[in-house]
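Hi,

Here is the structure I promised to pass on. Have a look at it first, and then read on for what turned up.

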There are 2 protein chains.
Amino acid sequence: MRTIVFKGRLVIIGCGSIGQGILPLILRHIEIKPAQITIITACERGRGVAAEYGIEFINKPLTKDDFRDRLTPMLRKGDFLLNLSVDVSSTALVELCRDLGVLYQDTCIEPWAGGYTDSSLSPSLRTNYALREEMLRLRVDGPAPTALTTHGANPGLVSHFVKQALLNIAADTGLGSEIPKDRRGWGELASRLGVKVIHVAERDTQQGSTPKGPDEFVNTWSIDGFVGEGCQPAELGWGTHEKEMPADGRRHEFGGDAAIYLMKPGASQKVRTWTPVEGAFHGYLITHNESISIADYFTVKEEGRVAYRPTVHYAYHPCDAAVLSLHELAGKNWVMPSKQRLMVKELVSGIDELGVLIAGHAKGAYWYGSQLSIAEARELAPHNSATSLQVTATVLAGMIWALENPMMGVVEPDEIDFRRILEIARPYLGPVVGVYTDWTPLDGRGTLFAEDLDTSDPWQFKNVRVI
Amino acid sequence: MRTIVFKGRLVIIGCGSIGQGILPLILRHIEIKPAQITIITACERGRGVAAEYGIEFINKPLTKDDFRDRLTPMLRKGDFLLNLSVDVSSTALVELCRDLGVLYQDTCIEPWAGGYTDSSLSPSLRTNYALREEMLRLRVDGPAPTALTTHGANPGLVSHFVKQALLNIAADTGLGSEIPKDRRGWGELASRLGVKVIHVAERDTQQGSTPKGPDEFVNTWSIDGFVGEGCQPAELGWGTHEKEMPADGRRHEFGGDAAIYLMKPGASQKVRTWTPVEGAFHGYLITHNESISIADYFTVKEEGRVAYRPTVHYAYHPCDAAVLSLHELAGKNWVMPSKQRLMVKELVSGIDELGVLIAGHAKGAYWYGSQLSIAEARELAPHNSATSLQVTATVLAGMIWALENPMMGVVEPDEIDFRRILEIARPYLGPVVGVYTDWTPLDGRGTLFAEDLDTSDPWQFKNVRVI
Ligand SMILES: NC(=O)c1ccc[n+]([C@@H]2O[C@H](COP(=O)([O-])OP(=O)(O)OC[C@H]3O[C@@H](n4cnc5c(N)ncnc54)[C@H](O)[C@@H]3O)[C@@H](O)[C@H]2O)c1
Ligand SMILES: NC(=O)c1ccc[n+]([C@@H]2O[C@H](COP(=O)([O-])OP(=O)(O)OC[C@H]3O[C@@H](n4cnc5c(N)ncnc54)[C@H](O)[C@@H]3O)[C@@H](O)[C@H]2O)c1
């Protein structure tokens with residue numbers, strides 16, 4: 001079903017796993033002609049898919065120096081710039097779109113190439129916290145064209161899952177069924193439920209037909225994107241229940257202070273978490289925008305002081321081939337291997353179990369999310385895997401929401417209508433389930449070796465962190 | 001070529017990857033009839049191979065209570081007990097063999113079932129250090145039947161590699177070509193060369209035809225053996241050049257004091273090392289007997305004080321499927337998954353690059369070892385993989401050496417004739433190479449994040465350890 005008519009130009013930057021996967025969804029759900037769309041990339045990937053749909057494909061990387069000159073003639077007021085690239089600065093594009101009156105959406109706040117690992121910057125300035133602050137500084141007083149940032153699966157969809165999950169927990173614990181009306185209301189609901197921790201708990205079990213070879217990075221989505229964020233400092237929204245700052249934990253000297261970072265790459269730090277199919281597992285504490293934006297959104301202040309905030313972070317178990325790739329990458333001190341393989345067509349089995357684990361409330365912990373399989377993803381849409389479809393369904397929903405709400409300025413997923421997004425994305429997410437568990441990060445601990453645990457509060461980060 | 005005639009009985013305990021792989025080598029190189037051999041196991045694995053060679057196969061586990069009664073009637077003076085099992089106490093068997101005048105060999109000092117993870121024992125008593133002290137206490141004054149312990153690939157072969165490597169380094173750095181005559185001489189050679197660190201540096205790149213599935217442990221050799229040792233404390237021979245005891249490092253309150261242990265499972269601690277084909281990588285600091293025996297053997301004392309000792313430890317990168325299995329196992333707090341798959345026949349590619357990295361001398365670091373491929377292993381002997389053949393070739397060599405030297409009492413690999421062992425094993429090891437490298441654990445460090453490094457001495461354990 002077509003949900004909205006769009007008469008303007010749509011420029012898509014990037015045609016990798018997400019850029020290719022979004023095309024069938026856009027053409028299925030938005031009233032738009034292929035001739036209205038232009039794709040700009042920095043490589044040949046996706047040319048065939050673009051051609052299949054009759055969409056113009058320009059392989060010429062945008063640079064800091066030429067992006068304004070090249071994009072300005074392509075975009076007019078009311079047009080749409082969809083950024084699904086790596087290595088093109090999101091804030092630079094948002095500024096340009098604001099100047100031109102163009103709608104904007106991305107799935108990640110990207111810096112220009114090399115920004116994630118620019119060792120001339122302090123670790124603090126290489127965080128998503130810093131990138132997000134830069135984005136938030138672009139907010140202006142008064143109406144401005146909608147720029148929906150970080151609206152993929154995660155960041156993106158998971159912010160909406162959090163809200164639905166909180167409502168479910170409230171209902172199941174007899175704390176009412178009223179939907180909070182504003183940010184304050186949401187923070188108070190989380191606080192009232194006793195939520196201490198929100199993990200974005202993801203286990204990707206997809207397998208390809210060929211095992212990872214030596215000197216090769218294999219993943220189910222952007223390898224540049226994953227390695228980039230994996231080399232950024234580990235980051236987490238830092239909750240008010242936390243008693244102990246990690247020895248390598250640091251606060252920033254600027255911005256909203258909702259998050260801390262650790263003095264090490266996220267890809268080198270594992271954390272304990274849980275999903276329904278996988279059970280307990282170790283995920284990587286990869287930095288993500290949602291760790292900060294969700295923690296920030298649910299912060300409750302009393303007289304200027306932070307009275308409540310949950311700890312929020314990603315706990316990512318990528319596909320097995322990517323776990324091996326990370327292991328190799330760490331062994332080579334984070335130097336990208338010479339070969340990269342993004343698996344889409346070659347995937348033969350597995351699911352992407354992606355959701356939020358919300359813990360500390362009366363019923364222990366609750367996981368709410370999507371358990372989309374590669375087989376179902378392929379039935380639902382061409383050119384997608386389970387991983388990409390969770391992203392592209394949310395990108396589609398974000399585009400429709402932005403077209404329906406064109407003058408909202410810079411907005412994050414947490415700030416937009418979660419019900420509308422879930423309504424549009426839901427048919428593409430496979431089984432969406434909510435499961436309670438009495439699992440905690442203290443389960444099975446300290447049996448062979450004494451461990452420094454806080455047994456009085458299972459949900460202290462110190463218990464979650466793998467040493 | 002048959003090298004020795006054996007007229008007695010050979011009882012083999014265990015018929016897993018090593019027990020099966022040793023059979024063709026024994027029958028090829030020792031003048032013995034299948035009817036002289038009996039196999040005792042606790043499972044059906046290997047029954048077909050035993051039948052192929054016409055060897056008796058008894059599937060009935062030995063226990064603490066029945067092993068004496070069952071084995072005594074099977075063994076007479078001059079017979080041979082080859083222990084290739086898990087879960088049967090090596091020291092119990094050595095005592096029995098001493099009482100009966102029977103030769104003995106194993107590839108690992110095993111405790112009775114559950115000993116590695118018996119949480120009623122202190123971590124110190126769950127170490128290989130403790131198991132080795134127990135074995136060494138069985139030494140008696142005067143002649144006793146030879147009991148060659150821990151003589152597989154590692155522990156085992158690598159002790160002989162160390163000696164050959166030290167001679168090569170001495171020759172290449174102009175420090176002479178004389179072969180030390182005794183233990184003291186070997187220690188002094190290592191000390192004179194400036195050797196600080198000896199890694200048993202292994203990278204197994206063998207791949208099977210099927211990827212690891214969920215709730216499954218996959219490896220190229222004993223899964224029980226690997227999980228058992230992986231759950232023991234990390235252990236390392238502790239060198240005299242080390243400046244800083246790790247915060248979680250502990251000395252034992254008994255025994256020779258050549259090694260320390262860390263208060264965590266070895267399978268949870270990675271270390272930096274290097275092999276020629278793989279280059280730099282992260283291996284697991286799995287405890288092994290050789291870490292202690294080599295450190296002990298090369299210790300030089302002056303007036304009762306330890307004047308020199310190298311740091312010695314394992315740095316093991318098992319096959320990729322086993323890396324994933326360890327990751328899963330850690331995520332489930334070291335509870336064995338319900339499925340286990342030991343790959344031998346299904347292996348399709350890869351090598352087992354197993355050797356010693358000797359570092360701190362005038363030429364930096366030197367790796368010496370075997371780079372046997374699965375294809376070559378299959379050409380050399382049936383029922384073997386690259387991993388098992390490195391073990392079984394050394395077991396064969398140890399048997400022949402023991403038969404040639406039947407009254408040596410309890411001996412470790414370091415104490416026996418390395419040239420004789422290498423002579424026998426060599427044809428089964430594929431390419432055996434020695435390669436110098438200027439790699440150190442400081443390479444590529446501290447670029448993205450400041451790290452607590454000792455830049456004045458690359459070979460401090462603190463630099464090697466992955467945090
Ligand atoms: N929020 C989420 O859930 C989520 C999930 C997956 C990916 N992402 C993000 O989406 C983006 C794309 O992911 P992907 O998996 O499709 O990545 P990909 O690596 O498969 O593709 C990246 C694309 O960017 C293009 N590109 C690179 N440099 C460019 C430049 N200078 N100018 C124009 N194009 C350029 C490449 O040519 C390629 O088409 C990344 O930022 C990634 O982090 C977000
Ligand atoms: N030093 C080395 O290089 C090296 C290398 C590989 C294996 N090993 C050691 O060799 C041994 C065997 O390794 P594997 O890979 O063949 O192991 P495996 O797991 O494949 O086989 C173990 C065998 O032991 C038998 N067993 C178990 N309990 C028993 C009992 N109570 N009584 C009799 N038999 C019993 C099993 O039935 C099986 O036949 C292990 O101790 C392992 O640590 C040493």
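A word on terms before the details: when I say that two residues touch or are in contact, I mean that they have heavy atoms within 4.5 Å. Also keep in mind that this is a predicted model.

Let me start with the domains of chain A. The domain assignment splits the chain into domain 1 (4–148) and domain 2 (157–384 + 426–464). Their C-alpha centres are 26 Å apart, and across the boundary 26 residues of domain 1 of chain A are in contact with 32 residues of domain 2 of chain A. UniProt, in an unreviewed entry, puts the feature "domain: Saccharopine dehydrogenase-like C-terminal" at residues 152–432 of chain A. That span is 32% helix and 31% strand, and the C-alpha atoms at its two ends lie 17 Å apart.

Now for ligand 1. It has 29 residues around it, and those that come nearest are A:Cys15, A:Ser17, A:Arg45, A:Glu110 and A:Ser222. Sorted by class, the shell around ligand 1 holds 17 nonpolar, nine polar and three charged residues. Domain 1 (4–148) and domain 2 (157–384 + 426–464) of chain A each contribute at least three residues to that shell.

Some backbone contacts to look up: a backbone N or O atom of A:Gly16 sits 3.3 Å from an oxygen atom of ligand 1. For A:Leu62, a backbone N or O atom is 2.9 Å from a nitrogen atom of ligand 1, and a polar backbone atom of A:Val86 is 3.2 Å from a nitrogen atom of the ligand. On its own, ligand 1 exposes 850 Å², of which the protein buries 94%. Which elements give two or more residues to the shell around ligand 1? They are helix H1 (17–29) and strand S4 (37–41) of chain A.

Over to chain B and ligand 2. Here, too, you will find 29 surrounding residues, with B:Cys15, B:Ser17, B:Arg45, B:Glu110 and B:Ser222 the closest. The class count for the shell around ligand 2 is 17 nonpolar, nine polar and three charged residues. Helix H1 (17–29) and strand S4 (37–41) of chain B each provide at least two residues of this shell.

As for polar contacts, a backbone N or O atom of B:Cys15 lies 2.8 Å from an oxygen atom of ligand 2, and one of B:Val86 lies 3.2 Å from a nitrogen atom of ligand 2. B:Thr107 uses its side chain: a polar atom there is 2.8 Å from an oxygen atom of ligand 2. Taken alone, ligand 2 exposes 850 Å², and the protein buries 93% of that. Why does ligand 2 lie between domain 1 (4–148) and domain 2 (157–384 + 426–464) of chain B? Because both domains give residues to the shell around it.

One residue to zoom in on is B:Ser222, which is among the closest to ligand 2. You will find B:Ser222 in the loop between strand S11 (216–219) and helix H8 (223–231) of chain B. A polar atom of the B:Ser222 side chain lies 2.8 Å from the backbone nitrogen of B:Gly225. Leaving out residues up to four places away in sequence, B:Ser222 touches B:Ser17, B:Val86 and B:Leu342. Of these, B:Ser17 is also one of the closest residues to ligand 2, and B:Val86 makes the backbone contact with a nitrogen atom of ligand 2 at 3.2 Å.

Over to you!

Definitions and conventions
Residues numbered from 1 in each chain as written. Chains lettered and ligands numbered in written order. Predicted model: local features only at pLDDT ≥ 70, side-chain atom pairs only at ≥ 80, totals over all residues. Heavy atoms only, no water. UniProt positions renumbered as here; feature names shortened; annotations may be inferred. Helix = DSSP H or I, 4+ residues; strand = E, 2+ residues; numbered from the N terminus. Near = heavy atom within 4 Å. Polar contact = N/O pair within 3.5 Å; in protein donor to acceptor, adjacent residues only side chain to side chain. Areas by Shrake-Rupley, 256 points an atom, 1.4 Å probe, with all protein chains shown as cover. Nonpolar A, V, L, I, M, F, W, Y, C, P; charged D, E, K, R; others polar. Domains from an automatic or database assignment.
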